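Hi,

Here is the structure I promised to pass on. Have a look at it first, and my notes on what turned up follow below.

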Amino acid sequence: MLPALLRSVKIGFSIVNHKSCQLYSQNVAVPLMRKKLKSKTKDALQFIDVKHVRVFGGKGGDGCVSFLSLWCNENAGPDGGDGGNGGHVVFKSTYNVNNYSHILSIIRADEGGKGYPKNQHGKNAEHNIVQVPVGTIVKNQQGKVVGDLNAEGMMFVAARGGAGGKGNRFFITEQEYAPKICEHGADGEVLSYVIELRSMAHIGLVGFPNAGKSTLLQAVTRAKPKIAPYPFTTLRPHLGMVQYDDYVQIAIADLPGLIPGSHENKGLGIQFLKHAERCAVLMFIVDASCDAPWEHINILKFELESFSKELASRPQIIVANKIDLPEAEDNVRVLREKFNVPIFTISAKMGTNVTSLLGELRKLYDQMEDRNETTDD
């Protein structure tokens with residue numbers, strides 16, 4: 001069933017929503033209808049915002065032991081060439097990727113070429129340049145930040161390749177005219193890192209399992225998180241983009257479900273809260289048809305505050321989902337009495353008020369951008 005987002009039409013200088021019939025003035029950006037169809041494949045792409053990697057620099061090439069023999073001078077002397085240098089493993093920030101799903105856990109650079117007779121040096125290996133999203137933080141095994149790739153084109157040398165070994169010609173001295181020794185190429189560095197995204201999405205969907213987070217994300221973006229009529233939790237975050245008519249895109253992340261005791265690492269625990277830390281705004285999604293949904297919000301706020309005071313102080317909005325069910329109306333009334341913040345009522349499945357919610361998200365996004373510009377000045 002198509003959500004209300006897909007049934008918005010322009011009339012004069014305003015936007016009329018087919019479901020909610022709410023008008024938007026011309027100075028407010030409007031979410032656009034998806035023009036590109038979703039993929040028909042059943043496998044959903046995983047969004048990976050943290051990755052443990054082990055990197056191996058390339059080994060240097062070995063030197064060569066050789067003696068030149070000419071038809072006119074059979075003792076022409078040593079002519080063994082040097083080995084080539086091994087390649088580095090380099091992280092390079094780019095806007096072409098937005099997560100680490102394409103990166104292997106073990107990354108190796110090529111080895112340098114070995115030396116050859118007639119003073120032929122081995123070939124230097126190409127560096128293995130791994131593309132990572134802009135905003136990547138690189139941590140070593142002790143958890144110390146050793147790299148911050150916060151701009152396009154920045155590079156971090158994760159593992160240096162070994163130097164090539166010298167051939168026997170290098171060891172000629174006044175006392176030794178015919179050395180029969182060479183060097184082996186040096187081994188490259190072997191190191192381990194944790195790479196993390198500083199910012200994963202503008203909006204993070206926070207809620208209990210089966211609150212409707214995945215349904216909402218699928219309704220407003222091309223993302224394909226798993227949706228089922230039974231309670232379960234998303235194991236990895238899913239990311240979707242909402243496009244507006246002024247070419248602005250807002251990233252929305254469906255985070256794994258939160259349960260009581262997450263700050264003590266129960267369930268997905270700390271892993272979930274780490275995902276939430278990478279979102280600028282937290283959107284609490286509650287099932288308005290369940291018993292006492294206000295208790296769910298209190299638990300969510302308590303878990304966030306217990307984990308990080310800074311995380312709990314970020315902008316938050318409350319969305320009451322599943323208002324198409326008869327039990328939701330009374331619960332929404334109680335929610336408005338208990339929380340002195342705007343509460344948006346939607347039905348992600350039916351598309352009710354979804355366009356209105358996206359309009360409010362855009363206003364919140366503009367406020368954040370204005371605040372960031374003021375801070376930079």
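**Salt bridges**

Let me start in helix α5 (residues 328–338), where Arg333 and Glu329 both sit, 4 residues apart, or about one turn of the helix. Their side chains meet in a salt bridge, at 3.9 Å from N to O. Before I go on: this is a predicted model, so please read everything here in that light.

How exposed are the two partners? Glu329 has 57% relative accessibility and counts as exposed. Arg333 comes out at 42%, which makes it partly exposed, because the exposed class begins over 50%.

A search of the whole structure gives 10 salt bridges. Another of them is in helix α6, between Glu360 and Lys363, with the closest N and O atoms 3.7 Å apart. These two are 3 residues apart in α6, again about one turn of the helix. Both partners are partly exposed: Glu360 has a relative accessibility of 31%, and Lys363 one of 37%. There is also a network, in which salt bridges with shared partners join Asp246, Arg362 and Asp366.

Lys59 and Asp62 make one more salt bridge through their side chains, at 3.1 Å from N to O. Lys59 is partly exposed at 25% relative accessibility, and Asp62 is partly exposed too, at 27%.

**The nonpolar cores**

Now for the inside. The largest nonpolar core holds 28 residues, and the ones with the most contacts inside it are Ile203, Leu205, Leu216, Val220, Ile252, Met283 and Leu361. Who supplies it? At least two residues each come from β14 (201–207), α1 (213–220), β16 (249–254), β17 (279–287), β18 (316–321) and α6 (354–376). The biggest giver is α6, with 7 residues.

Leu361 is a good residue to click on if you want to see this core. Leaving aside residues up to four places away in sequence, Leu361 touches Ile203, Tyr244, Ile250, Ile252, Met283 and Ile317. Apart from the largest core lies another one, of 24 residues, which includes Ala201, Ala251, Val286 and Ala328.

So helix α6 turns up twice in these notes: it carries the Glu360 and Lys363 pair, and it gives the most to the largest core.

**An aromatic cluster**

The structure has 4 aromatic pairs. One of them is Phe91 with Phe156, a stacked pair at 6.4 Å centre to centre with 20° between the planes. Phe91 belongs to strand β7 (residues 89–94) and Phe156 to strand β12 (residues 155–159), so the pair ties together parts that are 65 residues apart in sequence. Both of these Phe residues are buried.

Phe91 has a second ring partner in Tyr193. Here the centres are 6.5 Å apart and the planes stand at 75°, which is why the pair counts as edge-to-face. This pair also links distant parts of the chain, with Phe91 in strand β7 and Tyr193 in strand β13, 102 residues apart.

Is Tyr193 buried or exposed? Its relative accessibility is 8%, so Tyr193 counts as buried. Phe91 is at 1%, and that counts as buried as well. Taken together, ring pairs link Phe91, Phe156 and Tyr193 into a cluster.

**A five-stranded sheet**

Strand β13 leads on to the last item. This strand is part of an open sheet of 5 strands with mixed pairing, in the order β8-β4-β13-β10-β11. Its edges are β8 (106–108) and β11 (145–149), each of which pairs on one side only. On average, neighbouring strands in the sheet are turned by 30° against each other, with direction ignored.

Which way do β10 and β13 run relative to each other, parallel or antiparallel? Residues 136–139 of β10 and residues 190–197 of β13 pair in the antiparallel sense, over 4 bridges. If you want a spot to check on screen, Lys139 stands opposite Val194 in β13.

If you only have a few minutes, I would begin with the ring cluster of Phe91, Phe156 and Tyr193, and then turn to the contacts of Leu361 with residues such as Ile203 and Met283.

Cheers

Methods
Residues numbered from 1 in each chain as written. Predicted model: local features only at pLDDT ≥ 70, side-chain atom pairs only at ≥ 80, totals over all residues. Heavy atoms only, no water. Pairing = 2+ DSSP bridges. Axes fitted to C-alpha atoms, helices over the stretch in contact; angles between N-to-C directions. Core = buried A, V, L, I, M, F, W, Y, C linked by side-chain atoms within 4.5 Å. Buried < 20%, exposed > 50% of the residue type's maximum accessible area, 1.4 Å probe, protein only. Contact = heavy atoms within 4.5 Å. Salt bridge = Lys/Arg side-chain N within 4 Å of Asp/Glu carboxyl O. Phe/Tyr/Trp six-rings, centres within 6.5 Å; stacked < 30°, edge-to-face > 60°.
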